[in-house]
Amino acid sequence: MKRTKQEKRWLKKTFKEAMDKELREHKSSFIVFSILRFLVLVILVRQLFMAHYEAAFFCVLTIVLLYVPSWVQVRLRIELPPALEITILCFIFAAEILGEVNAFYVRVPNWDTMLHTLNGFLAAAVGFSLVLLLNDDDRLTFHLSPFFLALVAFCFSMTIGVLWEFFEFAMDWFFHTDMQRDTVVNAIYSASLDVTRSNKVVSIRDIQDVLIHGESLGLGGYLDIGLIDTMKDLIVNFIGAVVFSVTGFFYALSKGRKRTPAQNFVPSKKTADRDYLAQVREESTPPASPADSPSDQIPPAEES
């Protein structure tokens, strides 16, 4: 049954009110959200004045992404712990504004490595939480092995990491970007250089420069085209996944009673007192449907 325009407006209005309440639910995360949004708006105006429209796009994208944690909580009725929400907000700002707009990926050593490590940790937290949230039994830790939960968290995180590297490779291959950062190396070990075709590895060491069409690249070595960067990203993603999986294991082993770092990063289902969307819609009167309007009712027959 199609909704009327009044019903759609009512749904949007109540959802917006629920979002406002959700944003202000935790004082700490709301302060972080407000500061980051203000900074992004300032940077957006600056980029527009400088006619850096690509950077301005990243700013707009960041503003949208900053609302995602609250949207998820309202729409899916999931409660994100403040520590997790703040970490996600800072991760978005660090990746898009600092990393892309301010070129921290190039200017700050190991910036990309730090973010991939954090991504591995967060993705493992998401994987761990999915098992908890998708299981209707609130006592799931009695039925599911703690090792199984930790293993799911780890595998989910590594899958996300691999899929992201697939995305980076596709962007570089089809759109000629440089998401898989190159690495300067000083030695090559390759069987492709074996002129005897006997699969022997030929080594070229102490590479100090590379000439392209007779011109020096001036990099002090050979330029690897992303393999080392990809493997490094997967390794640090592995480290982040292992860190959460281990803490998640002990969290599940204690059936949630023993406090571990994982406890601050595990979402839960919303309780009735925190389900702001349901509260707002209960307090607000929905518009009457056309079928309920007096004009649509059949008038009583007149007595003769």
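Okay, alanine 55: it's buried, with a relative accessible area of 12%. The cut-off for buried is under 20%, so at 12% alanine 55 makes it. One thing to keep in mind throughout is that this is a predicted model. Alanine 55 sits in helix α3. Skip everything up to four places away in sequence, and alanine 55 touches Gln47 and Val101. If you want a long-range distance from there, take arginine 205: alanine 55 and arginine 205 are 150 residues apart in sequence, and C-alpha to C-alpha they're 40 Å apart in space.

Gln47 brings us to α2. Which residues of that helix are buried? In α2 they are Ser29, Val32, Phe33, Leu36, Val40, Ile43, Leu44 and Gln47. Those buried residues pack against α1, which is 5–23, and against α3 and α5. As for geometry, α2 has 23 residues, and at 1.5 Å a residue they should span 33 Å; the end C-alpha atoms are 33 Å apart, so that agrees.

Just after α2 you hit alanine 51, which takes a positive phi of about 60°. As background, most residues other than glycine have a negative phi. Alanine 51 is in the loop between α2, residues 27–49, and α3. Its relative accessibility is 41%, so alanine 51 counts as partly exposed.

There's another alanine like that. Alanine 103 also isn't a glycine, and it has a positive phi of about 60°. You'll find alanine 103 in the loop between α5 and α6. Alanine 103 is partly exposed as well, with a relative accessible area of 23%.

Quick stop at α1. Its 19 residues should span 27 Å at 1.5 Å a residue, and the end C-alpha atoms are 27 Å apart, so no disagreement there. The buried residues of α1 include Trp10, Leu11, Phe15 and Met19, and Glu22 is one of them too. What do the buried residues of α1 pack against? The answer is α2, α4, β1 at 78–79, and α11 at 276–283.

Now the cores. In soluble globular proteins, nonpolar side chains tend to be buried together. Here, the largest nonpolar core has 24 residues, and Val40, Cys59, Leu66, Ile97 and Val101 touch the most other members. The elements giving two or more residues to this core are α2, α3, α5 and α7, with the largest share, 8 residues, coming from α5. Then there's a second, separate core of 20 residues, and Leu84, Val131, Phe244 and Ala262 are among them.

Let me zoom in on valine 40, from that largest core. Leaving aside neighbours within four places in sequence, valine 40 is in contact with Cys59, Thr62, Ile63, Leu66, Phe93 and Ile97.

On to the pocket, which I suspect some of you were waiting for. The largest pocket has a volume of about 1400 Å³. Which residues are closest to its centre? Out of 46 lining residues, they're Phe91, Ala95, Glu96, Asn119 and Trp164. The elements that give two or more residues to the lining are α3 (53–66), α4 (68–76), α5 (82–101), α6 (104–107), α7 (111–134) and α9 (146–175). By residue class, the lining divides into 34 nonpolar, 5 polar and 7 charged.

Which element gives the largest share of that lining? That's α7, with 12 residues. And is α7 itself enclosed or open? 17 of its 24 residues are buried, so α7 is largely enclosed by the rest of the structure. The span check works out here too: the 24 residues of α7 should span 34 Å at 1.5 Å a residue, and the end C-alpha atoms are 34 Å apart.

Last stop, leucine 223, which lies in strand β7, residues 222–224. Leucine 223 has 29% relative accessibility, so it counts as partly exposed. Not counting residues up to four places away in sequence, leucine 223 touches Asp182, Thr183 and Val184. Compare that with arginine 9: the C-alpha atoms of leucine 223 and arginine 9 are separated by 56 Å, with the two positions 214 residues apart along the chain as an offset.

That's my tour, happy to take questions.

Note on methods. Residues numbered from 1 in each chain as written. Predicted model: local features only at pLDDT ≥ 70, side-chain atom pairs only at ≥ 80, totals over all residues. Heavy atoms only, no water. 1 Å grid on protein atoms, 1.4 Å probe; cavity = no way out; pocket = protein on both sides within 12 Å on 5 of 7 lines; lining within 4 Å. Points joined across faces, edges and corners; volume = space filled by probe spheres on them. Helix = DSSP H or I, 4+ residues; strand = E, 2+ residues; numbered from the N terminus. Nonpolar A, V, L, I, M, F, W, Y, C, P; charged D, E, K, R; others polar. Buried < 20%, exposed > 50% of the residue type's maximum accessible area, 1.4 Å probe, protein only. Core = buried A, V, L, I, M, F, W, Y, C linked by side-chain atoms within 4.5 Å. Contact = heavy atoms within 4.5 Å. Expected span 1.5 Å × (residues − 1).
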